[in-house]
Amino acid sequence: MKSFFGIGRLREKVTAQRFEYTVTVHNLQPWPESGNRAVAVGWQRGKKKRGATRSVFAATAPGKLGNVVRFNEKFELAATLYKAPTGASTTRDGLGPFKKKCLILAVLETDG
């Protein structure tokens, strides 16, 4: 909102859009042949949203280098993305009209 005397700024409307993502973890390959620990894939987005796949042991991969860890598991992730101010077609990161949000994926060794 702009004041009569020019004191103040135009406030940009923040536009939020909600998205639902489905992430599929198929395989980790090549995996070292040594070691008999189970492995899981953990994920985190923000402070509250996190999870992990089930723990899986590596199996031999005939004709391939190393072992393979087969998950074939999906997880759902909801995110609210905020658009950059009007008039800007892309953000300064070149990611389109939305501000950046990060998803952290990690390979975790577990006890099985």
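Which residues make up the largest nonpolar core? Keep that question in mind as you turn the structure around; here are my notes on this predicted model.

1. **The core.** The largest nonpolar core has 10 residues, and you can pick them out one by one: Val25, Leu28, Val39, Val41, Trp43, Val56, Val69, Phe71, Phe75 and Leu77. Strands β1, β2 and β5 each supply at least two residues of this core. The biggest share comes from β5, which gives 4 residues. This fits a broader pattern: in soluble globular proteins, nonpolar side chains tend to be buried together.

2. **Phe71, one member of that core.** Try selecting Phe71 and looking around it. Leaving aside neighbours within four places in sequence, Phe71 is in contact with Val25, His26, Asn27, Leu28, Val39, Ala40, Val41, Thr53, Arg54 and Val56. Several names here should look familiar, since Val25, Leu28, Val39, Val41 and Val56 are also listed in the core.

3. **The sheet.** Next, follow the strands. Three of them, in the order β1-β5-β4, form an open sheet with antiparallel pairing. The edge strands are β1 and β4, each of which pairs on one side only. Between β4 and β5, which run antiparallel, there are 2 bridges. To see a bridge pair for yourself, find Thr60, whose partner in β5 is Asn67.

4. **A cis peptide bond.** Now look at the step from Gln29 to Pro30: this peptide bond is cis, with omega near 0°. Pro30 belongs to strand β1, which covers residues 16–31.

5. **An unusual angle to check.** What is the phi of Asn72 near? The value is near 45°, which is positive although Asn72 is not a glycine. This residue sits in strand β5, residues 67–82. Is Asn72 buried or exposed? With a relative accessible area of 54%, Asn72 is exposed, because the cut-off for that label is over 50%.

6. **Salt bridges.** How many salt bridges are there? The count comes to 2.
   - The side chains of Asp111 and Arg37 form one of them, at 3.3 Å from N to O. Asp111 lies in the segment after β6 (104–110) and Arg37 in the loop between β1 and β2 (38–45), so this pair ties together parts that are 74 residues apart in sequence. Asp111 is exposed, at 74% relative accessibility, whereas Arg37 is partly exposed, with a relative accessible area of 41%.
   - Glu73 and Arg54 also meet through their side chains in a salt bridge, at 2.6 Å from N to O. Here Glu73 lies in strand β5 and Arg54 in the loop between β3 (49–52) and β4 (59–60), so the link joins parts that are 19 residues apart in sequence. Arg54 counts as partly exposed, at 44% relative accessibility. You have met Arg54 already, among the contacts of Phe71.

7. **Thr80, a polar residue worth a look.** Finally, move along strand β5 to Thr80. Is Thr80 buried or exposed? Its relative accessibility is 18%, so Thr80 counts as buried. The side chains of Thr80 and Arg18 are joined by a polar contact of 3.1 Å. Not counting residues up to four places away in sequence, Thr80 touches Ala16, Gln17, Arg18 and Lys101.

Definitions and conventions:
Residues are numbered from 1 along each chain as its sequence is written. This is a predicted model: local features need pLDDT of at least 70, side-chain atom pairs count only at pLDDT 80 or more; totals for chains, interfaces and linings use all residues. Side-chain values use heavy atoms; hydrogens and water are left out. Buried means under 20% relative accessible area, exposed over 50%, partly exposed in between (1.4 Å probe, protein chains only). A salt bridge is a side-chain nitrogen of Lys or Arg within 4 Å of a carboxyl oxygen of Asp or Glu. A polar contact is a pair of N or O atoms within 3.5 Å; within protein, one must be able to donate a hydrogen and the other to accept it, and residues adjacent in sequence count only if both atoms are side-chain atoms. Contact means heavy atoms within 4.5 Å. A nonpolar core is a set of buried Ala, Val, Leu, Ile, Met, Phe, Trp, Tyr and Cys residues joined through side-chain atoms within 4.5 Å. Two strands pair if DSSP finds at least two bridges between them.
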